[in-house]
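I opened the model to go through its loops, sheet, cores and charged pairs one by one. My notes follow in the order in which I looked things up.

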Amino acid sequence: MKTALVTAIGSFSADIVIKNLKKNGIRVIGCDIYPSEWIADAGNTDAFFQVPYATEEPRYVERLLSICDQEQVDAIIILTDVEADVWNRHREELKAHSITLCLSEEETMLLCRDKRKMSSFLSEKGLGNPIETVDLLEADIDTISYPAVVKPYNGRSSQGLHYISSLEEMKSFLTFQEAGDFVVQPYYKGSIITVDVVRQEETGECAVICRKELLRTGNGAGTSVLVFTNKNLEAMCREIAEAIHINGCVNFEFIEGEDGIYRMLECNPRFSGGVEFSCLAGYDCVSNHIKCFTGEKIEPFHGITDMYIARKYEEYITKILGKEGERE
(Lines give C-alpha, C1' and ligand atoms only; values in the text may rest on other atoms or scores of the structure.)
Protein backbone atom coordinates (compact mmCIF):
# COMPACT_ATOMS: atom_id res chain seq x y z
CA MET A 1 0.00 0.00 0.00
CA LYS A 2 1.51 3.30 -1.11
CA THR A 3 -1.34 5.82 -0.93
CA ALA A 4 -4.49 5.65 1.20
CA LEU A 5 -7.56 7.86 1.14
CA VAL A 6 -8.98 8.44 4.63
CA THR A 7 -12.56 9.69 4.80
CA ALA A 8 -14.19 11.99 7.36
CA ILE A 9 -10.93 13.17 8.89
CA GLY A 10 -12.81 15.43 11.28
CA SER A 11 -13.74 12.22 13.14
CA PHE A 12 -12.30 11.31 16.56
CA SER A 13 -10.35 8.38 15.12
CA ALA A 14 -8.70 10.37 12.32
CA ASP A 15 -5.67 11.62 14.25
CA ILE A 16 -4.25 8.20 15.17
CA VAL A 17 -5.22 6.72 11.79
CA ILE A 18 -3.32 9.42 9.91
CA LYS A 19 -0.30 9.31 12.25
CA ASN A 20 0.09 5.54 12.12
CA LEU A 21 -0.41 5.33 8.36
CA LYS A 22 2.36 7.87 7.88
CA LYS A 23 4.53 6.00 10.40
CA ASN A 24 4.23 3.05 8.02
CA GLY A 25 5.40 5.16 5.08
CA ILE A 26 1.95 5.44 3.51
CA ARG A 27 0.98 8.64 1.73
CA VAL A 28 -2.31 9.92 3.19
CA ILE A 29 -5.04 11.72 1.26
CA GLY A 30 -7.73 13.15 3.53
CA CYS A 31 -11.28 14.23 2.81
CA ASP A 32 -14.21 15.66 4.73
CA ILE A 33 -17.47 17.47 4.12
CA TYR A 34 -15.99 20.64 5.66
CA PRO A 35 -13.22 22.90 4.30
CA SER A 36 -9.63 22.30 5.38
CA GLU A 37 -9.48 25.33 7.68
CA TRP A 38 -12.26 23.77 9.77
CA ILE A 39 -10.38 20.47 10.20
CA ALA A 40 -7.33 20.31 12.46
CA ASP A 41 -6.00 17.12 10.86
CA ALA A 42 -6.22 18.47 7.31
CA GLY A 43 -2.72 19.90 7.78
CA ASN A 44 -1.38 16.45 8.68
CA THR A 45 -2.35 14.86 5.36
CA ASP A 46 -0.36 14.90 2.14
CA ALA A 47 -3.40 16.29 0.31
CA PHE A 48 -6.91 17.27 1.39
CA PHE A 49 -10.20 17.49 -0.48
CA GLN A 50 -13.62 18.77 0.54
CA VAL A 51 -16.27 16.32 -0.68
CA PRO A 52 -20.09 16.06 -0.81
CA TYR A 53 -22.12 14.39 1.92
CA ALA A 54 -22.20 10.60 1.57
CA THR A 55 -26.00 10.87 1.60
CA GLU A 56 -25.65 12.56 -1.80
CA GLU A 57 -24.52 9.15 -2.97
CA PRO A 58 -23.96 9.58 -6.74
CA ARG A 59 -22.07 12.87 -6.32
CA TYR A 60 -20.09 11.53 -3.37
CA VAL A 61 -19.02 8.33 -5.14
CA GLU A 62 -18.09 10.14 -8.35
CA ARG A 63 -16.04 12.75 -6.44
CA LEU A 64 -14.09 10.23 -4.38
CA LEU A 65 -13.32 8.03 -7.37
CA SER A 66 -12.05 11.11 -9.19
CA ILE A 67 -9.79 11.97 -6.25
CA CYS A 68 -8.53 8.40 -6.11
CA ASP A 69 -7.61 8.47 -9.79
CA GLN A 70 -5.97 11.89 -9.46
CA GLU A 71 -3.90 10.92 -6.41
CA GLN A 72 -3.22 7.30 -7.46
CA VAL A 73 -4.92 5.95 -4.35
CA ASP A 74 -4.70 2.20 -3.89
CA ALA A 75 -6.72 1.84 -0.66
CA ILE A 76 -9.62 3.61 1.02
CA ILE A 77 -10.12 3.72 4.80
CA ILE A 78 -13.62 4.54 6.02
CA LEU A 79 -14.20 6.30 9.35
CA THR A 80 -18.01 6.68 9.47
CA ASP A 81 -20.91 4.25 9.21
CA VAL A 82 -22.81 6.10 6.52
CA GLU A 83 -19.76 6.03 4.24
CA ALA A 84 -19.21 2.36 5.03
CA ASP A 85 -22.79 1.69 3.88
CA VAL A 86 -22.19 3.56 0.63
CA TRP A 87 -18.95 1.81 -0.26
CA ASN A 88 -20.37 -1.57 0.66
CA ARG A 89 -22.81 -0.94 -2.18
CA HIS A 90 -20.08 0.27 -4.57
CA ARG A 91 -17.38 -2.36 -4.19
CA GLU A 92 -17.30 -3.09 -7.91
CA GLU A 93 -16.47 0.52 -8.79
CA LEU A 94 -13.51 0.42 -6.40
CA LYS A 95 -12.32 -2.85 -7.90
CA ALA A 96 -12.55 -1.32 -11.37
CA HIS A 97 -10.22 1.44 -10.17
CA SER A 98 -7.85 -1.08 -8.49
CA ILE A 99 -8.65 0.31 -5.03
CA THR A 100 -8.74 -1.89 -1.93
CA LEU A 101 -11.69 -1.25 0.38
CA CYS A 102 -10.39 -1.74 3.94
CA LEU A 103 -13.61 -3.15 5.36
CA SER A 104 -14.93 -6.62 6.11
CA GLU A 105 -16.74 -8.46 3.33
CA GLU A 106 -20.18 -7.39 2.09
CA GLU A 107 -22.29 -9.91 4.04
CA THR A 108 -20.46 -9.14 7.27
CA MET A 109 -21.05 -5.43 6.77
CA LEU A 110 -24.77 -5.95 6.11
CA LEU A 111 -25.09 -8.02 9.26
CA CYS A 112 -23.20 -5.54 11.44
CA ARG A 113 -25.16 -2.56 10.18
CA ASP A 114 -28.55 -4.05 11.02
CA LYS A 115 -29.19 -4.29 14.76
CA ARG A 116 -32.16 -6.61 14.19
CA LYS A 117 -30.22 -9.14 12.14
CA MET A 118 -27.20 -9.01 14.43
CA SER A 119 -29.28 -9.67 17.55
CA SER A 120 -31.07 -12.59 15.90
CA PHE A 121 -27.83 -14.05 14.54
CA LEU A 122 -26.07 -13.94 17.90
CA SER A 123 -29.09 -15.36 19.71
CA GLU A 124 -29.28 -18.30 17.30
CA LYS A 125 -25.56 -18.97 17.75
CA GLY A 126 -25.69 -18.56 21.53
CA LEU A 127 -23.05 -15.84 21.43
CA GLY A 128 -22.56 -12.49 23.14
CA ASN A 129 -25.66 -12.35 25.35
CA PRO A 130 -27.20 -9.95 22.81
CA ILE A 131 -29.64 -7.42 24.14
CA GLU A 132 -33.19 -8.27 23.05
CA THR A 133 -33.96 -6.30 19.89
CA VAL A 134 -37.41 -6.15 18.28
CA ASP A 135 -38.77 -4.19 15.34
CA LEU A 136 -40.82 -1.37 16.81
CA LEU A 137 -43.39 -1.97 14.09
CA GLU A 138 -43.92 -5.51 15.41
CA ALA A 139 -43.69 -4.74 19.14
CA ASP A 140 -46.76 -4.73 21.38
CA ILE A 141 -46.26 -1.36 23.01
CA ASP A 142 -48.91 -2.17 25.63
CA THR A 143 -46.93 -5.09 27.05
CA ILE A 144 -43.25 -4.17 26.61
CA SER A 145 -41.41 -3.17 29.78
CA TYR A 146 -40.70 0.50 30.41
CA PRO A 147 -38.33 2.26 30.44
CA ALA A 148 -37.30 1.13 26.97
CA VAL A 149 -34.72 2.19 24.41
CA VAL A 150 -35.76 3.08 20.86
CA LYS A 151 -33.16 3.59 18.14
CA PRO A 152 -32.78 3.34 14.34
CA TYR A 153 -32.08 -0.25 13.26
CA ASN A 154 -29.03 1.01 11.32
CA GLY A 155 -28.18 4.04 13.43
CA ARG A 156 -24.79 5.54 14.19
CA SER A 157 -23.13 7.45 17.05
CA SER A 158 -26.25 7.42 19.26
CA GLN A 159 -28.11 9.51 16.66
CA GLY A 160 -31.88 9.00 16.88
CA LEU A 161 -31.65 7.17 20.20
CA HIS A 162 -34.56 7.77 22.59
CA TYR A 163 -35.28 6.64 26.14
CA ILE A 164 -39.01 5.99 26.51
CA SER A 165 -40.21 5.92 30.11
CA SER A 166 -43.90 5.02 29.70
CA LEU A 167 -46.64 3.84 27.36
CA GLU A 168 -47.84 7.44 27.04
CA GLU A 169 -44.39 8.57 25.90
CA MET A 170 -44.26 5.73 23.39
CA LYS A 171 -47.60 6.74 21.91
CA SER A 172 -46.39 10.33 21.65
CA PHE A 173 -43.14 9.17 20.01
CA LEU A 174 -45.05 7.16 17.40
CA THR A 175 -47.14 10.20 16.56
CA PHE A 176 -44.08 11.91 15.13
CA GLN A 177 -41.84 9.03 14.02
CA GLU A 178 -42.08 6.25 11.44
CA ALA A 179 -42.00 3.01 13.46
CA GLY A 180 -40.56 0.95 10.59
CA ASP A 181 -37.16 2.63 10.93
CA PHE A 182 -36.72 1.78 14.62
CA VAL A 183 -36.07 -1.11 16.97
CA VAL A 184 -36.96 -1.29 20.65
CA GLN A 185 -34.74 -2.73 23.36
CA PRO A 186 -35.08 -3.11 27.13
CA TYR A 187 -33.26 -0.53 29.23
CA TYR A 188 -30.40 -1.84 31.35
CA LYS A 189 -28.69 0.37 33.87
CA GLY A 190 -24.94 -0.10 33.75
CA SER A 191 -21.62 0.84 32.13
CA ILE A 192 -20.85 1.05 28.43
CA ILE A 193 -17.98 -1.22 27.42
CA THR A 194 -16.31 -0.67 24.05
CA VAL A 195 -14.06 -3.38 22.67
CA ASP A 196 -11.66 -2.79 19.79
CA VAL A 197 -11.22 -6.03 17.86
CA VAL A 198 -8.61 -6.59 15.17
CA ARG A 199 -9.04 -9.90 13.38
CA GLN A 200 -7.39 -11.29 10.28
CA GLU A 201 -9.82 -13.56 8.46
CA GLU A 202 -7.07 -15.39 6.57
CA THR A 203 -5.07 -16.45 9.65
CA GLY A 204 -7.71 -16.24 12.41
CA GLU A 205 -5.31 -14.17 14.53
CA CYS A 206 -7.32 -11.81 16.75
CA ALA A 207 -6.50 -8.98 19.17
CA VAL A 208 -9.10 -7.76 21.69
CA ILE A 209 -8.78 -4.58 23.78
CA CYS A 210 -11.57 -3.71 26.26
CA ARG A 211 -12.36 -0.38 27.87
CA LYS A 212 -15.01 0.99 30.19
CA GLU A 213 -16.25 4.41 29.12
CA LEU A 214 -16.28 6.65 32.18
CA LEU A 215 -17.17 9.92 30.43
CA ARG A 216 -18.74 10.16 26.97
CA THR A 217 -19.85 12.84 24.54
CA GLY A 218 -23.48 13.12 23.46
CA ASN A 219 -22.55 11.15 20.32
CA GLY A 220 -21.25 8.26 22.37
CA ALA A 221 -17.49 8.85 22.10
CA GLY A 222 -15.50 8.14 25.24
CA THR A 223 -13.41 10.98 26.65
CA SER A 224 -12.24 9.27 29.87
CA VAL A 225 -11.84 5.51 29.89
CA LEU A 226 -10.45 2.57 31.79
CA VAL A 227 -8.63 0.09 29.56
CA PHE A 228 -8.81 -3.29 31.25
CA THR A 229 -8.17 -7.00 30.82
CA ASN A 230 -11.01 -9.52 31.06
CA LYS A 231 -10.25 -12.95 29.66
CA ASN A 232 -13.90 -14.05 29.51
CA LEU A 233 -15.04 -10.94 27.64
CA GLU A 234 -12.05 -11.19 25.30
CA ALA A 235 -12.88 -14.83 24.54
CA MET A 236 -16.52 -13.90 23.87
CA CYS A 237 -15.42 -11.21 21.41
CA ARG A 238 -13.10 -13.60 19.58
CA GLU A 239 -15.96 -16.07 19.16
CA ILE A 240 -18.25 -13.36 17.79
CA ALA A 241 -15.59 -11.99 15.43
CA GLU A 242 -14.97 -15.46 14.03
CA ALA A 243 -18.67 -16.23 13.64
CA ILE A 244 -19.39 -13.06 11.64
CA HIS A 245 -16.10 -13.23 9.68
CA ILE A 246 -14.61 -9.92 10.78
CA ASN A 247 -11.54 -8.82 8.82
CA GLY A 248 -9.69 -5.74 10.07
CA CYS A 249 -10.44 -3.46 13.00
CA VAL A 250 -14.01 -3.08 14.30
CA ASN A 251 -15.54 -2.22 17.64
CA PHE A 252 -18.11 -4.08 19.68
CA GLU A 253 -20.27 -2.31 22.25
CA PHE A 254 -21.61 -4.00 25.37
CA ILE A 255 -23.50 -2.86 28.42
CA GLU A 256 -22.24 -4.24 31.70
CA GLY A 257 -25.40 -4.50 33.78
CA GLU A 258 -25.64 -4.11 37.53
CA ASP A 259 -25.87 -7.92 37.58
CA GLY A 260 -22.32 -8.09 36.14
CA ILE A 261 -23.47 -9.61 32.83
CA TYR A 262 -22.05 -8.26 29.57
CA ARG A 263 -24.81 -7.87 26.96
CA MET A 264 -23.81 -7.05 23.41
CA LEU A 265 -25.41 -3.96 21.93
CA GLU A 266 -23.87 -3.76 18.46
CA CYS A 267 -20.86 -4.07 16.19
CA ASN A 268 -19.59 -0.94 14.45
CA PRO A 269 -17.61 -2.30 11.48
CA ARG A 270 -14.97 0.47 11.41
CA PHE A 271 -12.54 2.15 13.80
CA SER A 272 -14.07 3.31 17.06
CA GLY A 273 -13.78 6.97 18.00
CA GLY A 274 -11.52 5.86 20.84
CA VAL A 275 -9.22 3.52 18.91
CA GLU A 276 -6.24 5.61 20.03
CA PHE A 277 -6.90 4.45 23.60
CA SER A 278 -6.21 0.88 22.47
CA CYS A 279 -3.05 1.93 20.63
CA LEU A 280 -1.78 3.70 23.77
CA ALA A 281 -2.53 0.62 25.85
CA GLY A 282 -0.20 -1.49 23.75
CA TYR A 283 -1.68 -2.72 20.45
CA ASP A 284 -1.43 -0.81 17.17
CA CYS A 285 -4.93 -1.32 15.80
CA VAL A 286 -4.32 0.92 12.79
CA SER A 287 -1.15 -0.71 11.42
CA ASN A 288 -2.56 -4.19 11.98
CA HIS A 289 -5.86 -3.21 10.33
CA ILE A 290 -3.87 -2.35 7.20
CA LYS A 291 -2.06 -5.69 7.31
CA CYS A 292 -5.41 -7.46 7.09
CA PHE A 293 -5.75 -6.08 3.55
CA THR A 294 -2.14 -6.26 2.32
CA GLY A 295 -1.49 -9.94 2.95
CA GLU A 296 0.93 -9.37 5.85
CA LYS A 297 0.32 -11.26 9.08
CA ILE A 298 -0.95 -9.12 11.94
CA GLU A 299 1.05 -8.96 15.16
CA PRO A 300 0.17 -11.60 17.75
CA PHE A 301 -1.75 -10.23 20.71
CA HIS A 302 0.13 -10.54 23.99
CA GLY A 303 -2.21 -8.44 26.10
CA ILE A 304 -2.25 -4.77 27.04
CA THR A 305 -1.46 -2.64 30.06
CA ASP A 306 -4.49 -1.78 32.17
CA MET A 307 -4.70 1.99 32.52
CA TYR A 308 -6.90 5.06 32.81
CA ILE A 309 -6.74 7.39 29.80
CA ALA A 310 -8.34 10.83 29.42
CA ARG A 311 -8.74 12.76 26.19
CA LYS A 312 -8.34 16.53 25.94
CA TYR A 313 -9.14 19.01 23.21
CA GLU A 314 -6.41 21.18 21.75
CA GLU A 315 -6.56 24.29 19.60
CA TYR A 316 -4.81 24.61 16.23
CA ILE A 317 -4.45 27.62 13.95
CA THR A 318 -5.42 26.36 10.52
CA LYS A 319 -5.16 29.58 8.49
CA ILE A 320 -3.90 33.14 9.07
CA LEU A 321 -5.98 35.88 7.47
CA GLY A 322 -4.82 39.35 6.52
CA LYS A 323 -6.82 42.53 6.64
CA GLU A 324 -10.45 42.25 5.63
CA GLY A 325 -10.21 38.47 5.59
CA GLU A 326 -7.59 38.24 2.85
CA ARG A 327 -5.20 35.30 2.93
CA GLU A 328 -1.58 36.13 3.79
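**Entry 1: a proline loop.** I began with Pro 147, which sits in the loop between strand 6 (134–135) and strand 7 (148–152). I checked the peptide bond leading into Pro 147 from Tyr 146 and found it cis, with omega near 5°. I note here that the whole model is predicted.

**Entry 2: positive phi.** I then looked up backbone angles. Gln 72 has a phi near 55°, which is positive although the residue is not glycine. I placed Gln 72 in the loop between helix 2 (57–71) and strand 4. Its relative accessibility is 67%, so I put Gln 72 down as exposed. His 245 is another non-glycine residue with a positive phi, of about 60°. His 245 belongs to the loop between helix 8 (231–243) and strand 13. With 45% relative accessibility, His 245 counts as partly exposed. I also found a glycine with positive phi: Gly 25, just after helix 1, at about 80°.

**Entry 3: the open sheet.** In what order do the five strands of the open sheet run? I read the order as 3-2-1-4-5, with parallel pairing. Strand 3 and strand 5 (100–101) are at the edges with a single partner strand each, so one side of each has no neighbour in the sheet. Strand 1 and strand 2 are joined by four bridges in the parallel sense. I followed Leu 5 across to strand 2 and found Ile 29 as its bridge partner.

**Entry 4: helix 1.** I listed the buried residues of helix 1: Ala 14, Ile 16, Val 17, Ile 18, Asn 20 and Leu 21. The buried residues of this helix pack against strand 1, strand 2, strand 4, helix 9 and helix 10. Helix 1 also holds a salt bridge between Lys 19 and Asp 15, at 3.1 Å from N to O. Lys 19 and Asp 15 are four residues apart in the helix, so about one helical turn separates them. Lys 19 is partly exposed at 43% relative accessibility, and Asp 15 is partly exposed at 25%.

**Entry 5: the cores.** Which residues touch the most other members of the largest nonpolar core? I noted Val 17, Leu 21, Ile 77 and Tyr 283, in a core of 39 residues. Among the elements that give two or more residues to this core are strand 1 (3–6), helix 1 (14–23), strand 4 (75–77), helix 9 (275–281) and helix 10 (285–294). I then took Ile 77 and left out its neighbours within four places in sequence. The remaining contacts of Ile 77 include Leu 5, Val 17, Leu 21, Cys 102, Phe 271 and Ile 290. Apart from this core there is another, of 26 residues, including Cys 206, Ala 241, Val 250 and Phe 252. As background, nonpolar side chains in soluble globular proteins tend to be buried together.

**Entry 6: a nonpolar surface patch.** I next looked for nonpolar side chains on the surface. Tyr 34, Trp 38 and Tyr 53 make up a patch there, with about 380 Å² of accessible area together. Tyr 34 is in the loop between strand 2 (27–32) and strand 3 (47–50). Tyr 34 is partly exposed, at 36% relative accessibility.

**Entry 7: other salt bridges.** I counted 22 salt bridges. In one of them, Arg 59 meets Glu 56 at 2.2 Å, N to O. Arg 59 is exposed at 51% relative accessible area, while Glu 56 is partly exposed at 31%. Are Asp 85 and Arg 113, a further pair at 2.8 Å, buried or exposed? Asp 85 is buried at 17% relative accessibility, and Arg 113 is buried at 9%. Asp 85 lies in helix 3 (residues 81–89) and Arg 113 in the loop between helix 5 (106–112) and helix 6 (115–125), so the pair ties together parts 28 residues apart in sequence. I also noted a network in which salt bridges with shared partners join Asp 196, Arg 211, Glu 213, Arg 216 and Glu 253.

**Entry 8: a last loop.** I ended with Glu 258, in the loop between strand 13 (248–257) and strand 14 (262–268). Glu 258 is exposed, with a relative accessible area of 67%. Its C-alpha atom is 8.1 Å from that of Tyr 188, although the two residues are 70 residues apart along the chain.

Technical notes. Residues are numbered from 1 along each chain as its sequence is written. Side-chain values use heavy atoms; hydrogens and water are left out. A nonpolar core is a set of buried Ala, Val, Leu, Ile, Met, Phe, Trp, Tyr and Cys residues joined through side-chain atoms within 4.5 Å. Buried means under 20% relative accessible area, exposed over 50%, partly exposed in between (1.4 Å probe, protein chains only). Contact means heavy atoms within 4.5 Å. Patches are made of residues with over 30% relative accessible area and no salt bridge: like charges are joined within 9 Å, nonpolar side chains (Val, Leu, Ile, Met, Phe, Trp, Tyr) within 5 Å. Accessible areas come from the Shrake-Rupley method with a 1.4 Å probe; for residues, only the protein chains shown count as cover. A salt bridge is a side-chain nitrogen of Lys or Arg within 4 Å of a carboxyl oxygen of Asp or Glu. Two strands pair if DSSP finds at least two bridges between them.
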